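Biologist: I should be grateful for a close look at a single part of this protein. Please take the strands as the subject and carry the account outward from there.

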Amino acid sequence: MSMTKEEFKENCEISFDEEHWQKINYNTSCFERNFNKGKIKYRNMELEKERAYNLSNKSLLNMEKLLVDFETHFNLNGGKVLWARDAADARTLIFDLLMREQVNTVARSHSTVLDEIELNDFFSKKNIKLYETHVGRFTLQNQGLRSYHPLLPALNLSKEEMNTLLNGAYKLKLDSTPKQMVNFVRYKVDENLKEVGACITGANFLLSDEGGVVLTENEGNILKSTTKAKIHIAVAGIAKVIPSMDDLSVLMPLLSSHATGQSMSALNSITFGPAKNGRNPQQMYVILLNNDRSELLSHERQRQMMSCIHCGACVSVCPIYKNIGGYAYDTSYVGPMGSVMTPLMRGLKEYEYLTSACAMCGKCTEVCPVRIPLDDLIIENRHLVATEKVGDAKIEAMLKLMVWHCKSRKKMDSPLFIKKMELKRFLNQNTWGDRREVPEFAPKSFSQWWKEHYE
Ligand code: SF4
């Protein structure tokens, strides 16, 4: 079920708490610092972005062929590609695989596509034991909390809060250092991995020419789980496919520099299917997920969003996200990427309000490593909302009134008290919010002032 506009507003109110705000701003400012450090390692970052942009466009244009080639090569490598029309389809495919192999304990990595198919809720309904392997997610899971940021799932927690959560769940001593906490979680993850029969991951890229699945990480949890479990299931959106391994030389450094400021993530692996000689994983599956990506593809401009490499940079710099945080949204794609993708993939009418969750500052477009013009695409979505008439009728009426008013010089020059009265009427639609002050009119309009001084 989708979140209504009113629920979204309520969530924003809850998130608008000084302490919460300070934590997000502190943590996202660390990202900006790291990103700025990472940026100077490039001699010409704009040129690399241009290359990535061209490469992504080429992949989008040839997606059908690239996907079929990927399937052929991955199957030849001994793996199996499965196609999922939507989230329910993907869940069913995973469930059937697990049941066939009699697996009821599973590990997962941090991945937005797994959140997109609502894997955790599904597993808890089906009584399948799920272990999180990412340090942030592991900590959140004990509290039943979901991921807060596409890259840094526990971005909203201070180190003291993480310590408190781990103390509550495992009695880890309260004055633990971050290193002690991370070591403790890693130890627990290692213990859990002894039990699992399958691991489920996302995929950063799919290599069409050789049937490879690229996974990048910093913690080593993905490598550990994929080599410990008998079955590896990778779920990937259809847009993850790229022509060949050569393209990684452009995309991987851009991904890590924009995600964490590193030249390269600490651990990068390419898996070409099941392992040989009795090692794990003995079986490997790739689930290619559509889930309305073809709907996104049908929009001439918004389809550029499919080039997203999920670095999370646009989210970390977004002033809206920094104020309302990740829990205000009910989708796995938050911030500017969510404002473009969600209304088109999950329903324009249901999610039209997300197109307003943007201050048009353009910072997201500025940082995007594959040059997705996010702010322009949000405007495109607003245009769609207006042409398809799925927006808030009150706001529509208010805007019409405003246009009518602004078109008339006489009205623009009307006495101050009339303008104030009209503004009050405009803003009396619960659109302005309690946190902003109603702007004051200048005592005279510009044209009146001009006449007095120059005519
Ligand atoms: S839209 Fe661009 S900046 Fe945002 S996550 Fe995707 S690639 Fe990164």
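Which residue in E10 is the bridge partner of Ala84?

Modeller: The model is a predicted one, and the account below should be read in that light. The bridge partner of Ala84 is Leu289, a residue of E10. Ala84 belongs to strand E1, which covers residues 80–84 and runs parallel to E10, with five bridges joining the two. Leu289 also has Gly237 standing opposite. Gly237 lies in strand E7, residues 231–237, and seven bridges join E7 to E10, again in the parallel sense. Strand E10 itself spans residues 283–289; six of its seven residues are buried, so the strand is largely enclosed by the rest of the structure.

The loop that precedes this strand deserves attention as well. Between E9 and E10 lies Pro281, and the peptide bond leading to Pro281 from Asn280 is cis, its omega being near 0°. In general, most peptide bonds are trans.

On the other side of that loop, E9 takes part in an open sheet of four strands, ordered E8-E5-E6-E9, in which the pairing is mixed. The edges of this sheet are strand E8 (241–242) and strand E9 (267–271); each has a single partner strand, so one side of each lacks a neighbour in the sheet. The partnership of E9 with strand E6 (residues 212–217) is antiparallel and extends over five bridges. Within it, Glu217 has Leu267 of E9 as its bridge partner. Helix H12, residues 248–259, packs on the sheet and touches strand E5 (205–207), E6 and E9. The direction of H12 makes about 25° with that of E6.

The strands described so far may be placed in the wider chain. The protein chain is divided into domain 1 (41–291), domain 2 (303–387) and domain 3 (397–454). Between the C-alpha centres of domain 1 and domain 3 the distance is 52 Å.

Two loop residues complete the picture. Glu118 is in the loop between helix H6 (112–116) and helix H7 (119–125); its phi is near 55°, a positive value in a residue other than glycine. Glu118 is partly exposed, with 16 other C-beta atoms within 10 Å. Lys389, in the loop between helix H19 (374–387) and helix H20 (393–406), likewise has a positive phi, about 50°, although it is not a glycine. Lys389 is exposed, with 9 other C-beta atoms within 10 Å.

Technical notes. Residues are numbered from 1 along each chain as its sequence is written. This is a predicted model: local features need pLDDT of at least 70, side-chain atom pairs count only at pLDDT 80 or more; totals for chains, interfaces and linings use all residues. Domain bounds come from an automatic or database domain assignment. A residue is buried if 20 or more other C-beta atoms lie within 10 Å of its own, exposed if 12 or fewer, and partly exposed in between; C-beta atoms are placed from the backbone. Two strands pair if DSSP finds at least two bridges between them. Two residues are in contact if their C-beta atoms, placed from the backbone, lie within 7 Å. Axes are lines fitted to C-alpha atoms, for helices over the stretch in contact, and angles run from 0 to 180 degrees between N-to-C directions.
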